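Visitor: Mind walking me through this one? I'd like to start from the inside and work outwards.

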Amino acid sequence: MKKIILSLIILLGTISISTNVRADEKETNNISCSNKITVHLFWGNGCPHCEKAIKYLEGTIADEYKECFALEKHEVWYDEEGSQLMQDVAAYFGEDVSGVPYIVIGEDTFGGYSSSLNKKIEKAIVSNANSDEYVDVIEKVKNGETNKIKKSNSGDTIVTIAIILVAIGGIYALIKTSRSN
């Protein structure tokens, strides 16, 4: 009987400590941002992934990051202007966007949405809201600026490096062969 009572006391103590730690984490997780930025969400009415993105951006992180951003939504399935704006923004970035949601935070873009992107989106919000170099690309595009930003494509970089390595290997093999003869 003593073992059961002792086990219960230890269990309750552990629960109490973990609850206090979580409460402390919540209190110290206040985010501060030097600027309030605009997060742009291109979405389609009736799109289930868009609804999840909206729920996340308007609900889940809105309270914690309210000093950091305002959400601006652009419907693209039933609004030609919204659709054209999304295509113009994608062209600005040199991206091919064929679906929604499409989230633009400064010069960071996210095609599609799943909860696995939450941390990346939060990081983009905080870094843009604390940057003196934040640019609202949508405003630039609306004002007719079409300077395209070519995002680096790591796939292209890997292919280029592979080609260079193969070329170096070929040259080395030729030199080795010619010395042997």
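Visitor: Which residues touch the most other members of the largest nonpolar core?

Guide: Sure, and keep in mind that this is a predicted model. The largest nonpolar core holds 39 residues. Those touching the most other members are Phe42, Val89, Tyr102, Ile103, Ile105, Ile121 and Ile125.

Visitor: And which element gives the most to this core?

Guide: Several elements chip in: β1, α2, α3 (80-93), β3, α4 (118-129) and α5 (137-142) each supply at least two residues. With six residues, the top contributor is α3.

Visitor: Let's zoom in on Ile125. Which residues does Ile125 touch, leaving out those up to four places away in sequence?

Guide: Ile125 is one of the core residues with the most contacts to other members. Setting aside residues up to four places away in sequence, its partners are Ile37, Val39, Ile61, Tyr65, Cys68, Phe69 and Ile105.

Visitor: Now the sheet. Why is one side of β2 and of β4 left without a neighbour?

Guide: The sheet is open, with four strands in mixed pairing and the order β2-β1-β3-β4. That puts β2 (69-75) and β4 (108-111) at the edges, so the reason is that each has a single partner strand.

Visitor: What stands opposite His40?

Guide: Look at β1 (residues 37-43) and β3 (residues 102-105), which pair in the antiparallel sense over four bridges. Across from His40, in β3, you'll find Val104.

Visitor: Last one: what angle does the direction of α2 make with that of β1?

Guide: Helix α2 (residues 48-60) packs on the sheet, where it touches β1, β2 and β3. Its direction and that of β1 make an angle of about 160°.

Conventions: Residues numbered from 1 in each chain as written. Predicted model: local features only at pLDDT ≥ 70, side-chain atom pairs only at ≥ 80, totals over all residues. Heavy atoms only, no water. Pairing = 2+ DSSP bridges. Contact = heavy atoms within 4.5 Å. Axes fitted to C-alpha atoms, helices over the stretch in contact; angles between N-to-C directions. Core = buried A, V, L, I, M, F, W, Y, C linked by side-chain atoms within 4.5 Å. Buried < 20%, exposed > 50% of the residue type's maximum accessible area, 1.4 Å probe, protein only.
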